[in-house]
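Me: Please take a close look at the packing of the interior in this model. Give the cut-offs as you go.

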Amino acid sequence: MQKMILIIGACGQIGTELTLALREKFGNDRVVASDIREGNESLMASGPFEILDATNYQAIENVIMHYEIDEVYLMAAMLSATAEKFPMRAWDLNMNSLFNVLNLAKDKKISKIFWPSSIAVFGPNTPKEDTPQHTIMEPSTVYGISKQSGERWCSYYFKKYGVDVRSVRYPGLISWKTLPGGGTTDYAIDIYHSALAGKKFTCFLGEQTKLPMMYMDDAIRATIDIMESDADNIKERSSYNLAAMSFTPAEIAQSIQKHIPDFEIDYEPDFRQAIADSWPSSIDDTEAQKDWNWKAQFTLEQTTVEMLENLKN
């Protein structure tokens, strides 16, 4: 019997591409997408979809029972910049949605969970360069606090109840397929749209703000790889560091100027600068490499080529 997968938050930036990748791998009818609203055309047309509120335990349980779901990917969350504007709503969504799926797994209604964490779990006192797997965290944002709390709960449910929950700490993600969802690293998507439109780009972060980033294809591959790995190989039951590349707004602008020489950028840092300043500039993901053979494939140059070519088309 093939497994059945439910994605909660399937219409978001990661969820959309993850849904399509999982449907390609396991078959359209084996992957149920769900979200609070309908998604784009390709997502809606490719397989089953349910309107679902991630904070509603009963509604989630009903969908799980109806489709006989084995695995849940919980992608619903309020991201960093948006969460600063609506702290209580962010905490409610980010934490209660996690408790819902953890408790369903504890009660043996599902067998495996993927829940994403983020580099936002790190704070101003975390070592900035090559941030290790285990280190000082002390996040200073609502989003980061909810993700760090979530990591501790994942670890607790694994140790206490044997819940098979798996997680990675996503860096900033770059994609041409879906629009950004209110994150501090979103400038690295918007900049390509501006460049192709022939517009000058005004960046909300300072030109030397270096952050860990990743092309979406790598992030999707990591997500599926960790879920497909043998349970014995997953040693970190809080969340794994994940790394690909680190760059500044000035460096991404230079990579674009190699293809669009007259592209211009200026800088007007806003409230998101303080968020970015509290995060690491590079990540050490040795543990993920060692435990489940993770390795990123895309560099900044390759990402720029992919983004410009695909957005043009």
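Reply: Buried means under 20% relative accessible area, exposed over 50%, and partly exposed in between (1.4 Å probe, protein chains only). The model is predicted, so local features need pLDDT of at least 70 and side-chain atom pairs pLDDT 80 or more, while totals for chains, interfaces and linings use all residues. Residues are numbered from 1 along each chain, and side-chain values use heavy atoms, without hydrogens and water.

For contrast with the interior, Lys108 counts as exposed because its relative accessibility is 63%. Lys108 sits in the loop between α5 (87–106) and β5 (112–114) (DSSP runs: helices H or I, at least four residues; strands E, at least two; numbered from the N terminus). The phi of Lys108 is positive, about 65 degrees, although the residue is not a glycine. Asp130, in the loop between β6 (117–118) and α6, also has a positive phi, near 45 degrees.

Now the interior. The largest nonpolar core (buried Ala, Val, Leu, Ile, Met, Phe, Trp, Tyr and Cys joined through side-chain atoms within 4.5 Å) has 41 residues. Those with the most contacts inside this core are Ile174, Tyr187, Ile191, Tyr192, Phe247, Ile252 and Phe263. Elements giving two or more residues to the core include α6 (142–161), α7 (187–196), β11 (211–215), β13 (245–247), α9 (249–257) and α12 (300–312). The largest share, six residues, comes from α7.

Leaving aside neighbours within four places in sequence, Ile174 is in contact (heavy atoms within 4.5 Å) with Ala188, Ile189, Tyr192, Met213, Met214, Tyr215, Met216, Phe247, Thr303 and Met307. A second, separate core of 32 residues includes Phe26, Phe114, Ala288 and Trp294.
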